[in-house]
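Thanks for sharing this one. I have gone through it with the coordinates open, and my comments are set out below for you to check against your own view.

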Amino acid sequence: MAAVKADSTTEEKAAAPESKPAAESVRPKEHGHRDKRKKADVADSAYNCWFKTLRSLTANNSEYFERHKTQYSSRFSSAVCILQGHADAIQPILEGFIRIAPDFDVDESTPSNGYRSLVKVVGTCIRRIIHVQRKVVNNRDGLLFQSKHYCQELEAYASVLCQLRAIMDVAQKVLAKSKHGQLFPEEKLFPEFLFEEAESLDKECFYGRCVGFQFCSSMQPIFHTISTAMASFAEAYSDHDGQLTRALASLLNSGKYAMNPELRARTIVSMCDKADISFCKAFWNITEEGPLQHMSGFLSSSVNVNKVFHIPAMPFEMESSLEDGELVTITPPCSQTGPGPVQVRLICFENREGQPEDISSPIMDQVEEKLGTKKKVPAPKSDALIIHIHGGGFVAQSSKSHEMYLRTWAKDIDVPILSVDYSLAPAHPFPRAMEECFFAYAWALKNAHILGTTAERVCLAGDSAGGNLCVSVAMRAANYGIRVPDGVLAAYTPFLVRYTPSPSRLLCMMDPLLPMGILSRCIAAYAGLKEKKPGEDVSSSSSTTSSTPQLSTPEHNFSSARLVFDPSPTEPKRSGEGAAAPKLLFTNTSGGLCEVHTPSPSPPGGDGPVQTGIPVLTVETETAVIQGKQNTEPTVDNLKEPHFEDIALSPYEEDSGDSEWSLTDKQTEVDSPSGVSDEKSPVEGSEGMEKDRAAEDDPNRPSSLSLPSLPSLDEISMAISKMTESKPEEVVLPSEPVHSPSSISHVTRYRPSPILNNPYMSPLLADDELLKGLPPVYLVPCALDPVLDDSIMFAHRLKALGIPYRLHVVEELSHGFLNFTSICKEARQANDLCINNLLEMLGRRPRGGRVATPTRKL
């Protein structure tokens, strides 16, 4: 059963709504080291008990299958012996990590870090092997004993334990290169060949029969479904163009991947190594297309206000929060493509005062009209506001895909929620997303009255990439001198967007949602780094380092502006898709209404008008429309980015397990009887086809090449007899960790890129003065998440600076658990934890008074 582990300090202070969180600090006890050693001994004894049980079951099964010669007896004997060999090799490493893991905890009340996570993963693998072996012992004498099934299960876990042994070995090297208490080693002290060694580990065993084995049992069907969908979508993405054809092809291909775990694993691993960022965008945006986009309306709470609109790209002034009280000018986001509107979504459980009447639900209005009921009076303004920033690796998704849990938040917390749909990478790399989120945050503070709130308390909340942007926005608000939020909620957030290993980041070798190939490409896309060939320099986009231009404010009273929402039932497209912008009404000096138009920026190298950023005023119409930029986001049909190499995925055949793909210039040569490589790159393949066509037209072409040699009748009969023989397939289990040459080398290519050290991209690298301006930070990482160490080390920084924080580590759930709240009980418990944190930030009493914290027993 999954667990949500909360610190006791939070539970004690949860009952006091007015109390503000204080920095988590634990005084060292007199016998602190002795207590840590005692807890480590208890954990060590538990794992020793598991290894002892495993040895007993292994000896029992090995002896049984040595005496009873059956069809699968040799494979059973080999599997259990190899399993025991890997277990004996990994046990001393596990014991060492148990001893040193407490040194990396933030405090004694929250024992969590990457080394503990690796220990948990190995322990889960050992327990699952014990479970399978016990089933073999109990059922091996029965007539209905599924020999093939249990044999394949043991062989799969033998491969998993073998690769876990290699991952633990890499973690030992990370530990040797790290300073005391630091989970991330210094990059200049960590040799590049160790990066390559970790990257080249074979990962197929983690995506087949054992996919997601480290998570709670209720998550297993979810990961089997996601991995099957990913494999089938990868094949459809390479073979077809168009949303409909890809969807149909994915549905047709899903059956073979569901029935063949080994084929599914090969497809996923090759896809992660070879596919470009456009595939990630297409796959992650599935929930926003077709029937899936309406799932949130059926599986989550209904709300009365759910409207998308655009914030106009116009500068405005705000009062400074500093003692001088000067006005601060907030300029629209300008990097890369010039000023443009920002798309946001307003979600509210009920219509409140100040919100325009036409933003209420059109469906509810039609029902009330047919029933003849009187329209309800808007509720009073809320005293609080939540500004949400969605995740998606900086490259995909929007508020629509996160609407499922946002509706629950809006109902349970009962405050308006403004979710920001920032521009996505790689079309809009850093710092565009951060600029848009900061602009939306400042605009919400300035115009809280039209959002149905007085904004007495405001908090920022985000998951994954959104949590990173929330912290960056809070730091920039403090740096600008404007009001900082009352709190920041960051769920499973990467605070170090850089190619640096850590014990938890080694979990991306087996993570179903964040494989290493996808994670590295998201980092490259957000940083604006181009895919390069060996020997070339990596440089970020020039626009990412350009300074933000200051826009001249027109001589007009912007405080008299009133936002008018478009009452059309169709939602406008997100920012950058040429969507219709909202209407603004301005009162001119004569008391009439004037129209404001912002010229659209001309494309680079185009003949369009020069972007000035100064609105043009006319007094001819009664309503005004802010015309935004026309930067089109790539669609699913056209997601190939110029920054990345265009490599098409090749379909797999069920029995071809030796095919490999590569992005490198030099293809791996495969030995053949003729001594020539049988595999060709896409370019070599096309040239070879042209040569073959030319050879066919050549009159001097040898006749021996005209027809292939046919097998004789004897050869055909022998082949048929071999096919009909009922012999089990031979499986060679690895006795040592397996390394496969990886086709990607993002780690060694992008390490020297200076853009990755920007503190607003990686808040963990920010200096103390920048971090001191942060409000209380609530961190909700996952114990088995590759980015766990980011939250642990960020909590260390906050604790050292005396910044109030909370750290709740969620057990046995994966990255992105908020998106599974409707189908997973444990995810709903973790979502309740996030809701209680938000309530505490907003000065309200958490639901139930205390946070439920079930724990998993060893």
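The numbered points go from the whole chain to single residues.

1. **Overall picture.** Please keep in mind that this is a predicted model. The protein chain has 22 helices and 16 strands. Of its 858 residues, 55% are buried. The chain exposes about 37800 Å², and carbon and sulfur atoms supply 53% of that area. Among contacts with a separation of 6 or more, 81% are between residues 24 or more positions apart.

2. **The nonpolar core.** The largest nonpolar core contains 213 residues. Leu164, Phe213, Trp409, Leu774, Phe794 and Phe817 have the most contacts inside it. Helix α5 (residues 147-176) gives the most to this core, contributing 15 residues.

3. **Helix α10.** How many of the residues of helix α10 are buried? The count is 8 of the 8 residues in 277-284, so the helix is largely enclosed by the rest of the structure. You can step through them in the viewer: Ile277, Ser278, Phe279, Cys280, Lys281, Ala282, Phe283 and Trp284. Note that Lys281 is on that list of buried residues. The packing partners of these buried residues are α7 (220-239), α9 (261-274) and α16 (516-527).

4. **Gln355.** This residue deserves a look of its own. Gln355 is in the loop between β5 (342-348) and α12 (362-371). With a relative accessible area of 6%, Gln355 falls under the 20% cut-off and is therefore buried. What does its side chain reach? One partner is the backbone nitrogen of Arg352, at 3.1 Å. Another is the backbone oxygen of Leu451, at 3.0 Å. Setting aside neighbours within four places in sequence, Gln355 is in contact with Val305, Leu346, Cys348, Glu350, Pro416, Ile450, Leu451 and Gly452. Leu451 thus appears both in that contact list and as the residue whose backbone oxygen the Gln355 side chain reaches.

5. **Strand β3 and helix α14.** Met318 is part of strand β3 (residues 316-319), and Met318 is buried at a relative accessible area of 8%. Its C-alpha lies 9.2 Å from that of Trp443, although the two residues are 125 apart in sequence. Not counting residues up to four places away, Met318 touches Glu326, Leu327, Val328, Ile330, Ala442, Leu445 and Lys446.

6. **Aromatic pairs.** The model has 22 aromatic pairs. One of them is Phe316 with Phe439, a tilted pair with 5.5 Å centre to centre and 50 degrees between the planes. This pair links distant parts of the chain, with Phe316 in strand β3 and Phe439 in helix α14 (residues 432-446), 123 residues apart. Phe316 is buried at 10% relative accessibility, and Phe439 is buried at 0%.

7. **Tyr492 and Phe817.** Why is this pair edge-to-face? The ring centres of Tyr492 and Phe817 are 5.1 Å apart and the planes stand at 70 degrees, so the pair counts as edge-to-face. Tyr492 lies in the loop between β9 (487-491) and α16, while Phe817 lies in the loop between β16 (809-811) and α22 (825-841), so the pair ties together parts that are 325 residues apart in sequence. Tyr492 is buried, with a relative accessible area of 1%, and Phe817 is buried at 0%.

8. **Around Phe817.** Phe817 is also among the residues with the most contacts inside the largest nonpolar core. Leaving aside neighbours within four places in sequence, Phe817 is in contact with Tyr492, Val780, Cys782, Val810, Ala827, Ala830, Asn831 and Cys834.

9. **An aromatic cluster.** Tyr64, Phe65, Phe76, Phe145 and Tyr150 form one aromatic cluster. I would suggest displaying these side chains together as you read this point.

10. **Cysteines.** How many disulfides does the structure hold? The count is 0. Two cysteines show contrasting surroundings: Cys81 is partly exposed, with a relative accessible area of 44%, whereas Cys151 is buried at 0%.

Terms used:
Residues numbered from 1 in each chain as written. Predicted model: local features only at pLDDT ≥ 70, side-chain atom pairs only at ≥ 80, totals over all residues. Heavy atoms only, no water. Core = buried A, V, L, I, M, F, W, Y, C linked by side-chain atoms within 4.5 Å. Buried < 20%, exposed > 50% of the residue type's maximum accessible area, 1.4 Å probe, protein only. Helix = DSSP H or I, 4+ residues; strand = E, 2+ residues; numbered from the N terminus. Contact = heavy atoms within 4.5 Å. Polar contact = N/O pair within 3.5 Å; in protein donor to acceptor, adjacent residues only side chain to side chain. Disulfide = S-S within 2.5 Å. Areas by Shrake-Rupley, 256 points an atom, 1.4 Å probe, with all protein chains shown as cover. Phe/Tyr/Trp six-rings, centres within 6.5 Å; stacked < 30°, edge-to-face > 60°.
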